[in-house]
Amino acid sequence: MHPLLDEFRQTIADGYQRLAQIGETASAVSPAPGKWSPKEIIGHLIDSAANNHQRFVRAQLYDDYDSPGYEQECWVTVQAYQQASWAELLLLWKSYNTHLARIIALIPDEQMTKTFRIAGGEPVTLAYWVEDYLRHLQKHLRQILG
């Protein structure tokens, strides 16, 4: 089991509980021009979960896996998260990350040392990327929750 798994699960549980206290109107407020609202940040985190879901699975299955990059601004715009229901976004975010926690728990230790690339970049281990994903998630939750 990955050592960060408990922290990841707790981040999901605590984050969801605190995010659920934000109302529909407040979730759509951008903190400054050109900055994402909480809805758009959660949408971005859903996209991140979707992209990393692929990476966590494919990195185990294929040698020399090179994952596509992710154009976050375009994804958030195309999916119009600002117009989505806050409650629906939160449920999807929580469910997707709960699924990722289950996947991470299933990754054998020997697979954690496998390397892969993202958009032709430098090789990273699966263990590194699992931790990077958690830290990215926590960073964005702090943006919303303080």
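This is a short tour of the structure, stop by stop, with what to select and what you will find there. Keep in mind that you are looking at a predicted model.

**Stop 1: the H1 and H5 pair**

Start by selecting residues 5–19, which make up helix H1, and then add residues 86–106 for helix H5. The two helices pack with their axes 10 Å apart, at an angle of about 170°. That angle is over 145, so H1 and H5 are roughly antiparallel to each other.

Now show side chains. From H1, the contact takes in Leu5, Phe8, Arg9, Thr11, Ile12, Gly15, Tyr16 and Leu19. H5 brings a list that includes Trp86, Leu90, Leu91, Trp93, Lys94 and Asn97, and further along you will meet Thr98, Leu100, Ala101, Ile104 and Ala105 of H5. Try colouring this H1 and H5 contact by residue class: you should get 13 nonpolar, four polar and two charged residues.

**Stop 2: Gln138 in H6**

Next, select residues 126–145, helix H6, and pick out Gln138 within H6. Is Gln138 buried or exposed? Gln138 is buried, with 13% relative accessible area. Leaving aside residues up to four places away in sequence, Gln138 touches Glu7 and Thr11. Thr11 should be familiar, as one of the H1 residues in the contact with H5. If you want a distance to draw, go from the C-alpha of Gln138 to that of Leu91: the separation is 17 Å, for two residues 47 apart along the chain.

**Stop 3: salt bridges, beginning in H6**

Stay on H6 and select Glu131 and Arg135. Their side chains form a salt bridge, with N to O at 3.5 Å. Arg135 and Glu131 sit four residues apart in H6, so about one helical turn separates them. Both ends are partly exposed: Arg135 has 32% relative accessibility and Glu131 has 36%. Add Glu7 to the selection, and you have a network of salt bridges linking Glu7, Glu131 and Arg135.

How many salt bridges does the model have? The count is four, so there is more to visit beyond H6.

Go to Glu24 and Lys39, where a side-chain salt bridge has an N to O distance of 2.5 Å. Glu24 belongs to helix H2 (residues 24–27) and Lys39 to helix H3 (residues 38–61), so this pair ties together parts that are 15 residues apart in sequence. Switch on a surface and look at both ends: Glu24 is partly exposed at 38%, whereas Lys39 is buried at 4%.

Then select Asp63 and Lys114, another salt bridge, whose closest N and O atoms are 3.4 Å apart. Here the pair links distant parts of the chain, 51 residues apart. Asp63 is in the loop between H3 and strand S1, and Lys114 is in the loop between H5 and strand S2. Asp63 is exposed, with 63% relative accessible area, while Lys114 counts as buried at 18%.

**Stop 4: the sheet**

From Lys114, step along to residues 115–118, strand S2. Add residues 66–67 for S1 and 124–125 for S3. Together they form an open sheet of three strands in the order S1-S2-S3, with mixed pairing. S1 and S3 are the edge strands, each pairing on one side only.

Where does the mixed pairing come from? S1 and S2 pair in the parallel sense over two bridges, and S2 and S3 run antiparallel, also joined by two bridges. On the S3 side, Thr115 is opposite Thr125, and Phe116 has Val124 as its bridge partner. Turn the sheet to compare the faces of S2: Phe116 and Ile118 are on the covered one, Thr115 and Arg117 on the uncovered one.

**Stop 5: Ser67 and the hairpin**

Finish with Ser67 in S1, standing opposite Ile118 in S2. Ser67 is buried, with a relative accessible area of 3%. Beyond residues up to four places away in sequence, Ser67 touches Arg55, Arg117, Ile118 and Ala119.

Click on that Ala119 last. What is the sign of its phi? In the hairpin of S2 and S3, with five residues between the strands, Ala119 takes a positive phi near 50°.

Conventions:
Residues numbered from 1 in each chain as written. Predicted model: local features only at pLDDT ≥ 70, side-chain atom pairs only at ≥ 80, totals over all residues. Heavy atoms only, no water. Buried < 20%, exposed > 50% of the residue type's maximum accessible area, 1.4 Å probe, protein only. Axes fitted to C-alpha atoms, helices over the stretch in contact; angles between N-to-C directions. Parallel < 35°, antiparallel > 145°, perpendicular 65-115°, else oblique. Contact = heavy atoms within 4.5 Å. Nonpolar A, V, L, I, M, F, W, Y, C, P; charged D, E, K, R; others polar. Pairing = 2+ DSSP bridges.
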